[in-house]
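Trainee: Could we go through this chain together, one question at a time, and settle each answer from the coordinates alone?

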Amino acid sequence: MELGPWSRFGDLSAYRKEFEKFFTRLLTETPSPGPFAAQWMPLIEISETTDKVFVRAELPGLEAKDVSVSMSGDLLTIKGKKERAEDEKDEHCHYVERYYGPFQRSVKLPINVTGDEVEGTFNKGVLKITLRKVAGAEKREIRVKDT
């Protein structure tokens, strides 16, 4: 009975199970994000009205003192650090999915704004940055040409 070209490799399911166990242990058994864990970045929303641009960032578990905002040209940068709270003495973590440590998120604003009139508020873990548009500012569009 012919089993095809893959028959010489035998049953690969045992190897697959071992690889799954290995990667599960690697990614879940460290008390802090391991070398393969992705760095956390806040989720961002950018919207506009006729004269303002709003940038909202979700920063759960942080306070205004934990965050800094800067602008360079049309690049807005949000930086901060999320500290791990020690709830119990001698606490040993078995599984951690929460991110702790520094973060930075930079976004290029789609419309020209003035750096003179910037306001930031922080409410229930949401940072809201309000920027005033430059008079006559329009959305930048990039024309794509066929080659």
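Trainee: Which residue of E7 stands opposite threonine 114?

Mentor: Bear in mind throughout that this is a predicted model. Strand E6 covers residues 113-123, and it is joined antiparallel to strand E7, residues 126-133, by eight bridges. Within E7, the residue that stands opposite threonine 114 is arginine 132.

Trainee: With which residue does glutamate 117 form a salt bridge, and what does the pair tie together?

Mentor: The closest N and O atoms of the pair are 2.7 Å apart, which is within the 4 Å cut-off for a salt bridge. Because glutamate 117 lies in strand E6 and its partner in strand E7, the pair ties together parts that are 15 residues apart in sequence. The partner of glutamate 117 is arginine 132.

Trainee: Are glutamate 117 and arginine 132 buried or exposed, or in between?

Mentor: Buried means under 20% relative accessible area and exposed means over 50%. Glutamate 117 has a relative accessible area of 43%, so it falls in between. Arginine 132, at 29%, falls in between as well, so the class that applies to it is partly exposed.

Trainee: Which residue is linked with Glu117 and Arg132 in a network of salt bridges?

Mentor: A search of the whole structure finds six salt bridges, and the one between glutamate 117 and arginine 132 has already been described. Those two side chains belong to a network of salt bridges, and the residue linked with them there is Asp51.

Trainee: In what order do the four strands of the open sheet that contains E6 and E7 run?

Mentor: The pairing in this sheet is antiparallel, and the edge strands, each of which pairs on one side only, are E1 (44-48) and E6 (113-123). Neighbouring strands are turned by 20° against each other on average, with direction ignored. Read across the sheet, the order is E1-E2-E7-E6.

Trainee: Which strands are at the edges of the sheet of three strands?

Mentor: This second open sheet has the order E3-E4-E5, again with antiparallel pairing. An edge strand pairs on one side only, and here the edge strands are E3 and E5 (101-108). Neighbouring strands of this sheet are turned by 15° against each other on average, direction ignored. The edge strands asked for are therefore, by the pairing rule of at least two bridges, E3 and E5.

Trainee: How many bridges join E3 to E4, and which residue of their hairpin takes a positive phi?

Mentor: Strand E3 spans residues 67-72 and strand E4 spans residues 75-82, and six bridges join them in an antiparallel arrangement. One of the facing pairs is serine 68 opposite lysine 79 in E4. The hairpin has two residues between the strands, and the residue that takes a positive phi, near 65°, is glycine 73.

Trainee: What is the bridge partner of leucine 75 in E5?

Mentor: On its pairing with E5, strand E4 is joined by eight bridges, and the two strands run antiparallel. In E5, the bridge partner of leucine 75 is lysine 108.

Trainee: Is lysine 65 buried or exposed?

Mentor: The side chain of lysine 65 meets that of aspartate 66 in a salt bridge, at 3.3 Å from N to O. Aspartate 66 has 22% relative accessibility and so counts as partly exposed. Lysine 65 has 67%, and because the limit for exposed is over 50%, lysine 65 counts as exposed.

Trainee: With which side chain does glutamate 83 meet in a salt bridge?

Mentor: Glutamate 83 is exposed, with a relative accessible area of 57%, while its partner is partly exposed at 43%. The distance from N to O is 3.6 Å, and the partner is lysine 81.

Trainee: Which residues make the nonpolar surface patch of about 360 Å²?

Mentor: Leucine 12 lies in the segment before helix H1 (13-28). Its relative accessible area is 45%, so it is partly exposed, and a patch residue needs over 30%. The patch is made by Leu12, Tyr15 and Phe19.

Trainee: How many helices and strands does the chain have?

Mentor: From the N terminus on, the elements run α-β-β-β-β-β-β-β. Of the 147 residues, 22% count as buried. The secondary structure comes to one helix and seven strands.

Note on methods: Residues numbered from 1 in each chain as written. Predicted model: local features only at pLDDT ≥ 70, side-chain atom pairs only at ≥ 80, totals over all residues. Heavy atoms only, no water. Axes fitted to C-alpha atoms, helices over the stretch in contact; angles between N-to-C directions. Patch = residues over 30% accessible without salt bridge, like charges linked within 9 Å, V, L, I, M, F, W, Y side chains within 5 Å. Areas by Shrake-Rupley, 256 points an atom, 1.4 Å probe, with all protein chains shown as cover. Buried < 20%, exposed > 50% of the residue type's maximum accessible area, 1.4 Å probe, protein only.
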